[in-house]
Each structure stands twice: as C-alpha cells, then as structure tokens.
Amino acid sequence: MEELAAAYEGLESDLGDADAIAAYRAAVLARQAAEAAFLAGVLPTGARVLEVGCGNGGLLIELARRGAVGAGLGLDLAQSRIAFAAAWAADEPRAAGLRFAAADALSADLGAGYDAVLCVTGAFAYFDGFRPGAGAELLARAAAAVAPGGRLVLELYQHERTRRLVEAGDGHVRLWRELEPGDPWRFYLSDFTFADGILEHRKTFIHRDDGTVDTGRSERLALYAPDELDALLDAAGFGDVTRYDGWDGAPYGGGDHLVLTAVRRAA
C-alpha cells in the first residue's frame, strides 16, 4: 500500500494562492455534482457516512453542503490529500461533522453504526490489485461498520474499452487526454498493461503553467465480472444489489461505468 499512497502524495500540494485553491475546489465539486445528487437521493437526511478512499474530501464535503451527511469519516492513504480535505472542511460551515484520517481501511478502527459506506471513483479495484483477497477483507470490514439495513455504494470502472485496446495492442497501449481548465495539470498520459485480471496503469501528468512532468503515479486495478462481485458481496453479508449505469440512476447495461448499491442484511 505504500506505493499506492506515494502515487497520490502531493497531488494538491502546489495549487498556488487562495484564488487558485478556490478554483480547484470549485472544479472538484463540479465534477462530483452528479454523484452527490445521486447519493443525496438515497441517503437519509443528515446521514452518518464512512468513505474509504476519500481523496481530497470533495464528495463528503459536497454531501455535507447539501445536508445529506451530518457526520462522516473519510479515510485515505495519502497524508497530503487528507490535510487538504481537513483544511477544506474547516472552511465549510456545514462540514463541521466531518473528520478525515490518513489510514489503511484494512487495519484502521472504522467505527460502527454508519448509515452508509462509500468506496467510489474506482477505489475498490485497488484492493485486490494490491493483494488478492484484500477486496473481500474490505467488504467484511464495511459490513461490520454499517448498521443493518444500511447501504454500501461502490463505483467501479470496468475499463472495457481500455481492455479491448490493450488486447489489440498485444497487452500494452498508451493513451492521453487534456484535463479541465481548472486543473493544475493540463495533460494526462496513460500507459496500460493487462494480465491475469489486473489492469496496470502508469500515469504521467504535465503541469499547466510550468510544464513540470510528474511520472510517479501508478496503480494496479482488479477488474471484476458481475458474478464475482455478487459472490463477494453475498459472502460479506450484503444483499439487495442494484446496479446503475453511472450516477444518472439508469439501469446498468454493461458499460464502463458501474455504480452499485447493496444493503447490509440483518445479523
């Protein structure tokens, strides 16, 4: 997990002055508007929520701004991102009930009695990518943390297009895209390989202002078939699984963007 934490350390450390930070925060909230709207519709008002892999804290903060979350804990491995999240929450009056901690969700004290546990932005795929069986461990810990009848929400990127491109490229492909104007990084280059159910993604970022090149970020992602996910969720104590085609609430039709909700069965 140290390698994964190092890949995201410093992501928000060089944003510049207060105006640049405000612009970055606004861009984060704009990108997360759809997921925040979806979650606000399925959470009880003022819910108590645990987010695993919270990154810069934007989702929990937006949910608190909307009144959907009254108290919450966000966990992430990257200490710099947690520091950014805590500073952001301190500036938001409605986020007073949020707490952020740099911790490993497989060993940290998660607490109990949550209305929901969230693991979004594809973060669940990192666990089995790090160590086989870690995904099942996380689901078991999530089941212990959420109250019976509470929800688990996973967001998974199935990477069907990328996988097809990698397979057409004999196991290797490179792609790039330009990021939004509010992002301090302008270009995002990806180098993919795929083998044994694991998609390895090595990243390069090019800074918008000074052209700095950052090549220190990479990830290993487990890609799951639907029946594999069903078995993992059932073994952990979750049922009533519903799949959506992203955050717009439409039924899942097999595309790249899968949002999944499940309900913790009574003990």
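Trainee: In this predicted model, in what order do the four strands of the open sheet stand?

Mentor: The four strands form an open sheet, and their pairing is antiparallel. β6 (172-178) and β9 (213-222) each have a single partner strand, so one side of each is left without a neighbour in the sheet. From one strand to the next the twist averages 20°. The order is β6-β7-β8-β9.

Trainee: Which helix packs on that sheet, and what angle does its direction make with that of β7?

Mentor: The helix is α8, residues 160-168. It touches β6, β7 (185-195) and β8. The angle between the direction of α8 and that of β7 is about 65°.

Trainee: How many residues lie between β7 and β8 in their hairpin, and which residue in the turn has a positive phi?

Mentor: β7 and β8 pair in the antiparallel sense over 10 bridges. One of the paired positions is Asp191, whose bridge partner in β8 is Arg202. The hairpin has two residues between its strands, and the turn residue with a positive phi, about 55°, is Asp196.

Trainee: What is the bridge partner of Arg202 in β9, and which residue in the turn between β8 and β9 has a positive phi?

Mentor: Eight bridges join β8 (residues 198-207) to β9, and the two run antiparallel. Ile206 stands opposite Val213 in β9, while the partner of Arg202 in β9 is Ser218. β8 and β9 form a hairpin with five residues between them, and the turn residue with a positive phi, about 75°, is Gly211.

Trainee: Which strands are at the edges of the seven-stranded open sheet?

Mentor: The order of this sheet is β3-β2-β1-β4-β5-β11-β10, with mixed pairing. Its twist averages 15° from one strand to the next. The strands that pair on one side only are β3 (98-102) and β10 (238-245).

Trainee: What is the sense of pairing of β5 with β4 and with β11?

Mentor: Strand β4 (residues 114-119) is joined to β5 (residues 146-157) by five bridges, with Ala116 opposite Arg151. Seven bridges pair β5 with β11 (residues 257-264), and Val153 has Thr261 as its bridge partner in β11. β5 runs parallel with β4, and its pairing with β11 is antiparallel.

Trainee: Which residue of β3 is the bridge partner of Leu75, and which helix touches β2 and β3?

Mentor: β2 (residues 69-76) and β3 run parallel and are joined by five bridges. The partner of Leu75 in β3 is Ala101. The helix that packs on the sheet there, its direction making about 165° with that of β3, is α5 (residues 79-90).

Trainee: Which strands does helix α9 touch?

Mentor: Helix α9 covers residues 226-236 and packs on the sheet. Its direction makes about 145° with that of β10. The strands touched by α9 are β5, β10 and β11.

Trainee: Why is α3 described as oblique to α4, and what is the hand of their crossing?

Mentor: Helix α3 (residues 33-42) and helix α4 (residues 58-65) pack with their axes 10 Å apart, at an angle of about 55°. That angle makes α3 oblique to α4, because it falls outside the ranges for roughly parallel, antiparallel or perpendicular. The crossing of α3 and α4 is right-handed.

Trainee: What is the make-up by class of the contact of α3 with α4?

Mentor: On the α3 side the contact is made by Glu35, Ala36, Leu39 and Ala40. Leu59, Glu62 and Leu63 make it on the α4 side. By class, the contact has five nonpolar, no polar and two charged residues.

Note on methods:
Residues numbered from 1 in each chain as written. Predicted model: local features only at pLDDT ≥ 70, side-chain atom pairs only at ≥ 80, totals over all residues. Heavy atoms only, no water. Axes fitted to C-alpha atoms, helices over the stretch in contact; angles between N-to-C directions. Parallel < 35°, antiparallel > 145°, perpendicular 65-115°, else oblique. Left-handed = near helix turned anticlockwise from the far one by under 90°. Contact = heavy atoms within 4.5 Å. Nonpolar A, V, L, I, M, F, W, Y, C, P; charged D, E, K, R; others polar. Pairing = 2+ DSSP bridges.
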